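Hi everyone, thanks for making time this morning. I'd like to walk you through one protein, so please have a look at it with me.

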Amino acid sequence: MTQSFPVNPFLEVLSGRRQPVPPLWMMRQAGRYLPEYRDVRARAGGFLDLCFTPDLAAEVTLQPIRRFNFDAAIIFSDILVVPYALGRDVRFEVGEGPRLDPLDTPDKVGTLSSTGDLTKLEPVFEALRRVRRELDPKIALIGFCGAPWTVATYMVAGHGTPDQAPARMMAYRHPEAFAQIIDTIVENSIHYLLGQLAAGADVLQIFDTWAGVLPPREFRRWSVEPTRRIVEGVRRQVPGAKIIGFPRGAGASLPGYVEATGVDAVSIDWTAEPSLIREKVQSRVAVQGNLDPLALIAGGDALNRAIDDVLANFAGGRLIFNLGHGIQPETPIAHVEQLVKRVRAYKGSI
């Protein structure tokens with residue numbers, strides 16, 4: 001008797017098989033737009049307390065699945081847990097975002113430990129195990145890390161800046177010291193991602209939120225090459241690992257990123273030129289995206305038109321429907337429901 005397994009449409013797309021209705025999830029889907037999340041967040045105390053309390057992190061990971069029946073859940077955590085495992089002081093100030101002790105001189109970089117303590121990240125692995133036990137097998141579980149460039153920008157400046165100029169300047173003035181930061185993040189991210197796979201993640205995503213601020217030469221050196229090393233390092237231990245890259249703002253550099261890194265899919269933002277993506281990117285890998293989060297806030301006919309544009313542009317190939325960046329806190333839940341209903345009703349033409 002042949003045993004049948006439930007089809008996971010998200011994993012099917014990543015494995016090379018286009019789905020008639022694109023699978024759907026949203027970046028930052030577990031977050032502040034949900035009242036149930038805000039309730040848990042208030043009980044947790046600090047943001048890192050929420051990330052490192054497995055039952056609470058698992059609960060908020062599952063909340064949007066219960067509401068919207070998305071095709072994938074992404075573990076609730078943060079890209080800065082790797083610096084935390086490296087012994088850096090990482091804290092989240094209310095209304096101000098993350099704060100770290102800056103590594104803004106070569107001497108300070110010399111204080112950076114090369115090996116992180118992954119036992120500090122065991123709560124993330126435990127949250128993954130709990131979610132996987134509760135999650136329907138048809139729904140994929142995504143683990144993630146920040147790309148080395150993006151993580152390094154926060155480690156150098158000690159906080160986010162409008163254009164991440166402190167990290168860019170260090171990379172120009174002190175490339176050896178900056179490379180030390182990047183190399184450290186690469187090696188520790190590999191171990192972190194392998195731990196997530198072992199804990200039950202089906203897919204990994206590498207978030208390079210600040211890739212778009214780099215000129216082409218620096219983009220290749222500080223975004224593409226470190227991501228390639230992570231992908232290779234993970235697949236050295238888990239050859240079939242499915243990995244999505246998100247070099248936000250990469251634009252015309254996306255085809256080269258895909259070719260060099262070996263990712264199975266690339267997430268695109270809402271500014272991506274559709275014909276370029278179809279011809280140079282989607283012809284090779286799956287595409288994830290790329291609804292403007294502001295269209296989701298707007299709702300109504302504007303949202304319907306924006307959804308239809310994404311489907312018209314990309315649903316003829318392998319597509320995972322998503323936003324072009326994370327959902328905003330002020331997004332009405334009714335607009336998310338509108339989005340899910342319209343994507344699920346897709347029939348191949350709009």
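Let's start with a small detail: which residue in the hairpin of E2 and E3 takes a positive phi? That would be glycine 95, with a phi near 80 degrees, in a hairpin that has 3 residues between its strands. Before I go on, please keep in mind that this is a predicted model.

Staying with that hairpin for a moment, E2 covers residues 90–93 and E3 covers residues 97–100. The two strands run antiparallel and are joined by 4 bridges. If you want one pair to look for on your screen, phenylalanine 92 has proline 98 in E3 as its bridge partner.

Now let's step back to the whole protein. The secondary structure comes to 16 helices and 9 strands. The radius of gyration is 19 Å, close to the 20 Å that the globule rule gives for 350 residues, so the protein is as compact as a globular protein of that length. Along its principal axes, the C-alpha trace spans about 60 × 50 × 45 Å. Of the 350 residues, 57% count as buried. As for the surface, about 14500 Å² is exposed, and carbon and sulfur atoms supply 50% of that.

One helix is worth a visit here. Is H8, residues 148–157, mostly covered or mostly open? Mostly covered: 10 of its 10 residues are buried, among them Trp149, Tyr154 and Met155. Just after H8 comes glycine 158, which takes a positive phi of about 85 degrees.

Next, the part you may want to discuss at the bench. The UniProt entry, which is unreviewed, carries a "binding site" annotation covering Arg28, Gln29, Ala30, Gly31, Arg32, Asp78, Tyr154, Thr209 and His325. These residues span 298 residues in sequence, and the farthest two C-alpha atoms are 23.0 Å apart, so they do not all gather at one spot. Still, the lining of the largest pocket includes Arg28, Asp78, Tyr154, Thr209 and His325, among others from that annotation.

Let me zoom in on two of them. Arginine 28 sits in the loop between helix H1 (9–14) and helix H2 (35–44). Which residues does arginine 28 contact, leaving aside its neighbours within four places in sequence? They are Tyr33, His325, Gly326 and Ile327. Glycine 31 is also found in the loop between H1 and H2, and glycine 31 is buried, with a relative accessible area of 9%.

That's my tour, and I'm happy to take questions.

Notes: Residues are numbered from 1 along each chain as its sequence is written. This is a predicted model: local features need pLDDT of at least 70, side-chain atom pairs count only at pLDDT 80 or more; totals for chains, interfaces and linings use all residues. Side-chain values use heavy atoms; hydrogens and water are left out. Buried means under 20% relative accessible area, exposed over 50%, partly exposed in between (1.4 Å probe, protein chains only). Two strands pair if DSSP finds at least two bridges between them. UniProt positions are given in the numbering used here, feature names are shortened, and annotations may be inferred rather than shown by experiment. On a 1 Å grid over the protein atoms alone, a cavity is a set of points where a 1.4 Å probe fits but cannot get out, and a pocket is an open set with protein on both sides within 12 Å along at least five of seven lines; lining residues have an atom within 4 Å of a point. Contact means heavy atoms within 4.5 Å. The radius of gyration is taken over C-alpha atoms; the globule rule is 2.2 Å times the number of residues to the power 0.38. Accessible areas come from the Shrake-Rupley method with a 1.4 Å probe; for residues, only the protein chains shown count as cover.
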